[in-house]
Amino acid sequence: MDQEALLGLGPYSLNREEKTALYRRELAGLTRRHRAGCREYRRLLEALGVPEGGELAPEDAPMLPVGLFKEMDLCSVPREAVFKTLTSSGTTGAQVSRIFLDAETSAMQQRALYRIGESFIGDRRLPFLVLDSKRALRDRAMFSARGAGILGFSIFGGRTCYALDEDMALDLDGVRRFLDGRQGEKLLLFGFTYMIWKHVVRALEERGERLDLSGSILIHGGGWKKLAGQAVSQDEFKDRVRRALGVETVLDYYGMAEQTGGIYMECPCGHLHASVWSDVIIRRSEDYGVCAVGEPGVIESLSLLPRSYPGHAVLTEDLGVLLGEDDCPCGRLGKYFAVTGRVPRAEVRGCSDTYEG
Amino acid sequence: MALLAGTRRPLDQPWEPFHPLAMDFLAALSAAVRQGCARREELAAFGFWCRRAHLEQLRERHRSRLPRLGRGLVFHAAPSNVPAMFAYSYAIGLLAGSAGLVRLSTRRGEGEETLCRCLREVLDRPEFAAVKARSSFVSYPRDDALTAALLSGCGGRVVWGGDATVAAMRRIPMPPWAVDLCFPDRWSLALLSQGAVAWMGEEELAALARRFYNDTYLMDQNACSSPQLAVWLADGGEKGARRRWWLALAREAEERYSLGAFQAARKLEQFCRRAMAAPGVKGLERYGGNLVWTAPLELPLAEDRPPKGGFGLFWEAEIETLDQLPALLDQRSQTVVCVGADPGETAALLAARGARGVTRVVPAGQALEMDTVWDGHDLIAALSRGIG
């Protein structure tokens, strides 16, 4: 399928049968493409004895563990064609992933993100209230995931206001000035879950202040790890956001730097949805077999977007559970699921460095 | 700097090797550890190692024609993720007649805490006051100035692995007369006789797999002496014997190993990394789901980095005759674990062929066993001096 046709699909328009047929074809095509373009990936396919040509069942496409992008530079296009190298934040102190984007991949990611976002936000640009600091765009250390997220969602935004100042303090006066005369207007609010919690919700609560942004939509992502550490559940997060900001529509999304663009958005029923451009396979860690609906496992994420690096089948370090397929009450077709946490780091035995720490 | 056991300012009076009080103390520690830490296999193994009968054996083995004395105070740096390593290092220093200043990582785990508790308890007994006076177990974050200050009073240092740690430690000066024993990164392999495995009955095979499990999975296959590469000697039998072997290992792992999502991911990562970094990987077989993975490597090895598995990922190679073994070894090779092959014969062949690496050849089940001869050094001799 050519790119125009692929990106022209409705984001949630394919049922199981149609999507499987699409993925058999497209994943085989991507596998061929990266086999030809990426020497390291070709070696892996040869080691695993994956035949050239033919179709590939989605669950049979060799998956790369996400940690590998931290250890190796994996690129399927000539270096001159790389116009942006994305890095993931990863866990503190750890190495970061390096994702090599060419113009084609980057454009496809943007279009997929636009199509997915549009189906929730609408196609009109909305006043954009970023629940973060402008610094997130400037600071090289902070860029990566946060900066890229803000930039990504800015395509839905018109006039923009950053709610946090350079020191990550809530600039309530600035926000009120921005809201002046926009009473009742639909706004797009965007930020990272933990930043929203710490620097917006808690800050408003401590000052005993509230905003009335009813009718607006808040989209947040970046994971629950830090909040789970503070024992804040998803429900509590939503409740407190609604109370502090007056926003009714609070939607989480799940995504990763290794597969930018094809994000998994939360629907009003509270389920994360795979769009036609990406899919999840939940796997058992005992044998990497495929889990049934309701059975928790490790999330593998497929994406039809990566053209410049072999990231079309990635085993994440997130745990999740498939909730169903094609039958979410919200009406979207495709798989829907929940992310339940991170794969816990275990104490590893063995000889290793003694002096650090 | 936190004092975990012993005394803050250890005396450096040399003792003769295998001093009766040192022997008594270690035997008492053995009993305390075996009573107090029996639940943790690696700690229990340390307790077993310093039982009196074994100490007597060691004394016989290291009997010297010359009178010997320890080297004063010896500084020990032990890895954070081999729980009993610091205790072995200290015990060997004590047996050599040296006093011990042991630095533990601040990232030490529960195992080290348990062992320190045992040490405190035995060192505090009045009959071991003289041992306590020459023993110090401390912990502090990386601090070159502090390490240098501590080393200035030492007659030797023992640094356990990690190439980076060895390099960092070697930059820190010691008194000119002090001895330096460093144990950098090593890799180990297994030599399996296809003929012998083919002829084994199920019970014998299971018993051998149990020992091999201890060599590997017990340390997540991450110890220097845990085999990463399984070299099959095609000396008879059929190739199907290999499958039987891995299945036997998978059955053992199924009963004893807890493989979670973290371990499985590291394993997949390790496999992909090698398969992608260089050519020569010829497949991937799985036994017992994700418990045992094996992947054949073409010879000669295409990558300069030693084969690295982990969490039950074994690289495989095949040789027709034992003569082909030395070509697989380099200066970083440490232990050859024999499965069905004869350790004595193998060691003799390696010596006769002038092999570049390997300092130990052991039967299955003994890879992780600590020895007073390690990486080719006689530690008792190195941490003492002869008077000739």
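Welcome! Start in chain B, where α1(B) and α2(B) run roughly antiparallel to each other, because an angle over 145 degrees counts as such. Keep in mind as you click around that this is a predicted model.

**Stop 1: a pair of helices in chain B**

Select residues 20–36 of chain B for helix α1, then add residues 41–49 for helix α2. The two pack at an angle of about 155°, and their axes are 8 Å apart. Their crossing is left-handed.

Now show the side chains where they meet. From α1(B), pick Ser30(B), Val33(B) and Arg34(B). From α2(B), pick Leu43(B), Ala44(B), Phe46(B), Gly47(B) and Phe48(B). What kinds of residue make up this contact? Five are nonpolar, two are polar and one is charged.

**Stop 2: the sheet in chain B**

Stay in chain B and look for an open sheet of seven strands. Trace across it in the order β10-β11-β12-β9-β8-β13-β14, and you will find that the pairing is mixed. In general, strands of a sheet pair through backbone hydrogen bonds, either parallel or antiparallel.

Which strands stand at the edges? Select 285–287 for β10 and 360–363 for β14 of chain B: each has a single partner strand, so one side of each is left without a neighbour in the sheet. Turn the view to follow the twist, which averages 25° from one strand to the next.

Next, zoom in on β10(B) and its neighbour β11(B), residues 292–296. These two pair in the antiparallel sense over three bridges. To see one bridge partnership, select Arg286(B) together with Trp293(B), its partner in β11(B).

**Stop 3: a helix across the sheet**

Add residues 343–352 of chain B, which form helix α13. This helix lies across three strands: β8 (187–193), β13 (333–339) and β14 of chain B. Compare the direction of α13(B) with that of β14(B), and you will find about 165° between them.

**Stop 4: two domains in chain A**

Finally, move to chain A and colour it by domain. The domain assignment places 3–78 and 269–342 in domain 1, and 111–254 in domain 2. How far apart are the centres of these domains? Taken over C-alpha atoms, 29 Å separate them.

The contact between them takes nine residues from domain 1 of chain A and eight residues from domain 2 of chain A. On the domain 1 side, strand β14 of chain A (residues 335–342) gives the largest share, three residues. That side of domain 1 divides into six nonpolar residues, two polar and one charged.

Definitions and conventions: Residues numbered from 1 in each chain as written. Chains lettered and ligands numbered in written order. Predicted model: local features only at pLDDT ≥ 70, side-chain atom pairs only at ≥ 80, totals over all residues. Domains from an automatic or database assignment. Contact = placed C-beta atoms within 7 Å. Helix = DSSP H or I, 4+ residues; strand = E, 2+ residues; numbered from the N terminus. Nonpolar A, V, L, I, M, F, W, Y, C, P; charged D, E, K, R; others polar. Pairing = 2+ DSSP bridges. Axes fitted to C-alpha atoms, helices over the stretch in contact; angles between N-to-C directions. Parallel < 35°, antiparallel > 145°, perpendicular 65-115°, else oblique. Left-handed = near helix turned anticlockwise from the far one by under 90°.
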